[in-house]
Amino acid sequence: MQQDIRDKFKNYKEEKVELSSNHSKKFEALLNQELHQTKPKKNNIKWLSIAASILLLVIIGVQFYPTKKEDPILIKTDDNSTPKQITLGNISPEFNTIETYYTNSINLEISQLDLSEENKELVDNYLLKIAELTKEYKDLTQELNTKGVNDATIDALIRNLQLRLQLLQRLKKQLNEFKNLNTKQNEQQII
């Protein structure tokens, strides 16, 4: 079945085909016609791209245009000129009472601390913990202003105040025990 291609072409006779005398002119005319043919303009795409560009510019302009928006989370003060941040006391009179009670109690406990060189390290440790809790309280207040009033944040604020007061009461108790221990040691040394 396989045959050499040379065998096939041995008996082949070439036909003489003559081209017309104006064949090259016809070919050139068809070529020019094909190359210089005007394509239909697509105006729809052009207008669509212009409209998309304008829309994009409008969106960017609106996004970065400065506006005076009032933060709905902030409360206006009495003179309605400057907004005031929400605190636990601003939410309701009951929370104001709770916040006032705890802050006054904390300040009272701090003012009643007996500081001396002997208990300085103990007091400093407690005050560092209280400072951390105070920072956390400020963060929670900021969260209250950014995320809005919710039960979880309010509960965390109240627990924070309670914990600070408990730490101060524990410190006061330990200072009293430390003072009593020192007094007993001094009495034993005298006897």
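In which helix does Glu109 lie? In this predicted model, Glu109 belongs to helix H5, which covers residues 93–111. The setting of this residue is taken up below, after an outline of the chain.

The chain contains seven helices and two strands. Along the sequence these elements follow the pattern α-α-α-β-β-α-α-α-α. Of the 191 residues, 19% count as buried. The accessible surface of the chain amounts to about 16,700 Å², and carbon and sulfur atoms contribute 55% of that area. Among contacts with a separation of 6 or more, 69% are made by residues 24 or more positions apart.

Two salt bridges were found in a search of the whole structure. One of them joins the side chains of Glu109 and Lys172, with an N to O distance of 4.0 Å. This pair connects distant parts of the chain, since Glu109 is in helix H5 whereas Lys172 is in helix H7 (residues 151–190), and the two are 63 residues apart. The relative accessible area of Glu109 is 12%, so this residue counts as buried, the limit for that class being under 20%. Lys172 has a relative accessibility of 28% and therefore counts as partly exposed. Apart from neighbours within four places in sequence, the residues in contact with Glu109 are Leu165, Leu168, Gln169 and Lys172. Lys172 thus appears both in this list of contacts and as the salt-bridge partner of Glu109.

A salt bridge is also formed by the side chains of Lys135 and Asp139, at 3.3 Å from N to O. Both residues are located in helix H6, which runs over residues 120–147. Their separation in sequence is four residues, about one turn of the helix. Lys135 is exposed, because its relative accessible area is 53% and the class begins over 50%. Asp139, at 43% relative accessibility, is classed as partly exposed.

Aromatic side chains were examined next. The count of aromatic pairs comes to one. The pair consists of Tyr101 and Tyr102, whose ring centres are 5.1 Å apart and whose planes make an angle of 75 degrees. The arrangement is edge-to-face, because plane angles over 60 degrees are assigned to that class. Tyr102 has a relative accessibility of 14% and so counts as buried.

Charged side chains were also located over tyrosine rings. The charged end of Lys129 is placed over the ring of Tyr126, at 5.5 Å from the ring centre. Arg164 lies over the face of Tyr137, and the distance to the centre of that ring is 5.0 Å.

On the surface, Trp47, Ile50, Ile54, Val58 and Val62 make up a nonpolar patch of about 530 Å². One of these residues, Ile54, has its place in helix H3, which comprises residues 43–64.

In summary, the side-chain features include a salt bridge between helices H5 and H7 and a salt bridge with both residues in helix H6. The edge-to-face pair of Tyr101 and Tyr102 and the nonpolar surface patch that includes Trp47 complete the description.

Key:
Residues are numbered from 1 along each chain as its sequence is written. This is a predicted model: local features need pLDDT of at least 70, side-chain atom pairs count only at pLDDT 80 or more; totals for chains, interfaces and linings use all residues. Side-chain values use heavy atoms; hydrogens and water are left out. Rings of Phe, Tyr and Trp (its six-membered ring) pair if their centres lie within 6.5 Å; planes under 30 degrees apart count as stacked, over 60 as edge-to-face and the rest as tilted. Buried means under 20% relative accessible area, exposed over 50%, partly exposed in between (1.4 Å probe, protein chains only). A charge sits over a ring if NZ of Lys or CZ of Arg is within 6 Å of the ring centre and within 35 degrees of the ring normal. Patches are made of residues with over 30% relative accessible area and no salt bridge: like charges are joined within 9 Å, nonpolar side chains (Val, Leu, Ile, Met, Phe, Trp, Tyr) within 5 Å. Accessible areas come from the Shrake-Rupley method with a 1.4 Å probe; for residues, only the protein chains shown count as cover. Contact means heavy atoms within 4.5 Å.
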